[in-house]
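Let's take a friendly walk through a protein fold, one piece at a time. Keep the picture open while you read, and find each part as it comes up.

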Amino acid sequence: MDKRNPICAIFMDMSKAFDSVDHNILLQKLDSYGIRGKALDLIHSYLCDRKQLTEITRICLKTRDEKTYRSQTRTVKLGVPQGSVLGPLLFLIYINDLPRHIKHPMVLFADDSTVIIKCNNQNDYENEINETLRTIIKWLIDNNLKINLDKTHIMHFHQRTQPKSTNVNYNGQTVESVTNTKFLGINIDYRLSWTTHIDNLCKRINKSSFALYKLSKIVNKEAILTAYHGLVAPLLRYGIIFWGNSVDKEFIFKAQKKCIRAMCQINSTISCQPYFKNLKILTLPSLYIYESSIFVKSNVSYYKTAVKSYYRKLRDKKRLEVQIPYGKTALLNKSILCMTSLIYNKLPDDIKQLPIHQFKKKLHAFLIDRCYYDVKDYLSDKNIVFH
């Protein structure tokens with residue numbers, strides 16, 4: 001998007017994906033990955049010759065007697081056991097080689113598979129999408145899986161210049177084009193503005209604020225904090241590194257402050273800042289800084305270390321910094337790539353060198369103490385000192 005190249009994502013839906021896994025194909029793939037001998041025999045016995053039946057209980061309304069009915073027992077010839085720890089892992093192994101058959105990046109999360117297609121030439125864009133879709137569907141058929149084209153949709157990402165309309169179809173069935181979709185719990189729109197996600201999040205947090213207000217009248221401080229960390233905190237934390245620097249983030253921050261006022265039973269004219277500190281709750285900007293810093297700390301390999309200077313002193317000074325991508329558009333400059341780098345580089349080097357558990361503890365205590373109301377306040381802070 002920053003280079004103004006046409007780009008889209010196909011969000012695929014598979015029909016009964018877990019129930020369609022072919023045991024023989026799966027065992028062959030496990031063998032090719034090096035799982036052999038007794039380990040493979042164990043998995044073979046786990047998958048094969050499993051039995052299943054359906055059982056229902058009927059209650060007579062007059063006598064209140066219960067009678068149980070059972071279907072015939074049948075052997076399970078396909079699929080991995082759902083509701084198990086091993087099931088999703090076996091399915092991921094089953095589809096792990098799918099990205100190797102196409103030239104575009106894929107995101108695989110259990111049976112939610114998404115392919116991102118970018119093209120340098122607008123004229124080849126439609127053909128590239130259709131060819132990629134055909135290749136994926138062929139692989140799925142070869143592996144006894146089936147795509148549900150009715151629930152599969154495509155999203156074309158753009159900011160200003162909308163790409164030419166494209167006809168994406170397979171065997172005459174057109175793939176629906178959408179401007180917004182929910183992917184792994186986050187609403188994504190074609191401009192990556194996160195407006196829809198924030199709107200939905202505000203509604204959920206505002207409902208929680210009412211519950212917190214009612215609870216605050218009948219429970220103690222520890223109980224109300226437990227309720228906050230169970231109802232509100234997970235909503236704020238999930239995916240915040242993506243939407244936490246968007247234009248509409250202030251609506252979420254207002255909803256969070258509404259929760260604090262409900263918990264402490266204070267009116268809208270009183271500042272929430274001392275209450276954030278007293279309850280040891282991170283403000284939304286501080287939570288964004290915290291999660292962004294942890295993401296870089298945990299995934300330094302995703303970033304290139306910024307050692308550009310030929311002078312040793314400057315090189316030593318920058319040795320723990322990560323590179324900040326150069327962007328032509330505000331979209332990239334406000335994105336996770338740039339903002340996480342900026343936030344992480346602002347931290348003192350002695351903090352960056354700490355093990356992850358100490359890093360989290362010291363950073364959390366620092367952000368509770370500073371209680372930032374804006375990320376800009378953190379980036380312009382010239383006195384960042386950890387105790």
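At what angle do helix 5 and helix 9 pack, and how far apart are their axes? In this predicted model, helix 5 (residues 195–216) meets helix 9 (residues 249–264) at about 5°, and their axes are 8 Å apart. Angles under 35 degrees count as roughly parallel, so helix 5 is roughly parallel to helix 9. On the helix 5 side, the contact includes Ile 198, Leu 201, Ile 205 and Leu 212. Helix 9 contributes, among others, Phe 251, Ile 252, Ala 255 and Met 263. Sorted by class, the contact of helix 5 with helix 9 has twelve nonpolar, four polar and two charged residues.

**A sheet of five strands**

Now turn to the strands. Strands of a sheet pair through backbone hydrogen bonds, either parallel or antiparallel. Here, five strands form an open sheet with mixed pairing, in the order 6-7-1-8-11. Strand 6 and strand 11 are the edge strands, as each pairs on one side only.

Let's cross the sheet in that order. Strand 6 (residues 106–109) pairs with strand 7 in the antiparallel sense, over four bridges. Val 107 stands opposite Thr 114 in strand 7. Strand 6 and strand 7 form a hairpin with two residues between them. Look for Ala 110 in this turn: it has a positive phi of about 55°.

Next along, strand 7 (residues 112–118) and strand 1 are antiparallel and share seven bridges. One place to see this is Asp 13, whose bridge partner in strand 7 is Asp 112. Strand 1 also pairs with strand 8, again in the antiparallel sense, over five bridges. There, Ile 10 stands opposite Ile 154 in strand 8.

At the far end of the order, strand 8 and strand 11 (residues 176–177) run parallel and are joined by two bridges. His 153 stands opposite Glu 176 in strand 11, while the bridge partner of Ile 154 in strand 11 is Ser 177.

How many of the five residues of strand 8 are buried? Five of the five are, so strand 8 (residues 153–157) is largely enclosed by the rest of the structure. His 153, Met 155 and Phe 157 point one way, Ile 154 and His 156 point the other way, and all are buried.

A helix also meets this sheet. Helix 4 (residues 122–142) lies across strand 1, strand 7 and strand 8, and runs at about 150° to strand 7.

**A serine in a loop**

Follow the chain on from strand 1 (7–13) and you come to the loop that leads to helix 1 (23–32), where Ser 20 is found. Is Ser 20 buried or exposed? With 15% relative accessibility, Ser 20 counts as buried. Leaving aside residues up to four places away in sequence, Ser 20 touches Ser 15, Leu 78, Gly 79, Asn 144 and Leu 145.

**Pairs of opposite charge**

Side chains of opposite charge can pair when their charged atoms come close. A search of the whole structure finds nine salt bridges. Here are some of them, with the distance between the closest N and O atoms.

| Salt bridge | Closest N and O atoms |
|---|---|
| Arg 70 and Glu 55 | 2.6 Å |
| Lys 352 and Asp 349 | 3.6 Å |
| Arg 370 and Asp 381 | 2.4 Å |

Take the salt bridge of Arg 70 with Glu 55. This pair links distant parts of the chain: Arg 70 is in strand 4 (residues 66–70) and Glu 55 is in strand 3 (residues 55–59), 15 residues apart. Arg 70 counts as exposed, at 63% relative accessibility, and Glu 55 as partly exposed, at 43%.

Lys 352 and Asp 349 sit in helix 15 (residues 349–352); because they are three residues apart there, about one helical turn separates them. Lys 352 counts as buried, at 5% relative accessibility, whereas Asp 349 is partly exposed, at 26%.

Last comes the salt bridge of Arg 370 with Asp 381. This pair also links distant parts of the chain, with Arg 370 in helix 16 (residues 356–370) and Asp 381 in the segment after helix 17 (375–379), eleven residues apart. Arg 370 is partly exposed, with a relative accessible area of 25%, and Asp 381 is buried, with 15%.

Note on methods. Residues are numbered from 1 along each chain as its sequence is written. This is a predicted model: local features need pLDDT of at least 70, side-chain atom pairs count only at pLDDT 80 or more; totals for chains, interfaces and linings use all residues. Side-chain values use heavy atoms; hydrogens and water are left out. A salt bridge is a side-chain nitrogen of Lys or Arg within 4 Å of a carboxyl oxygen of Asp or Glu. Buried means under 20% relative accessible area, exposed over 50%, partly exposed in between (1.4 Å probe, protein chains only). Axes are lines fitted to C-alpha atoms, for helices over the stretch in contact, and angles run from 0 to 180 degrees between N-to-C directions. Angles under 35 degrees count as roughly parallel, over 145 as roughly antiparallel, 65 to 115 as roughly perpendicular and the rest as oblique. Contact means heavy atoms within 4.5 Å. Ala, Val, Leu, Ile, Met, Phe, Trp, Tyr, Cys and Pro count as nonpolar, Asp, Glu, Lys and Arg as charged, and the others, Gly among them, as polar. Two strands pair if DSSP finds at least two bridges between them.
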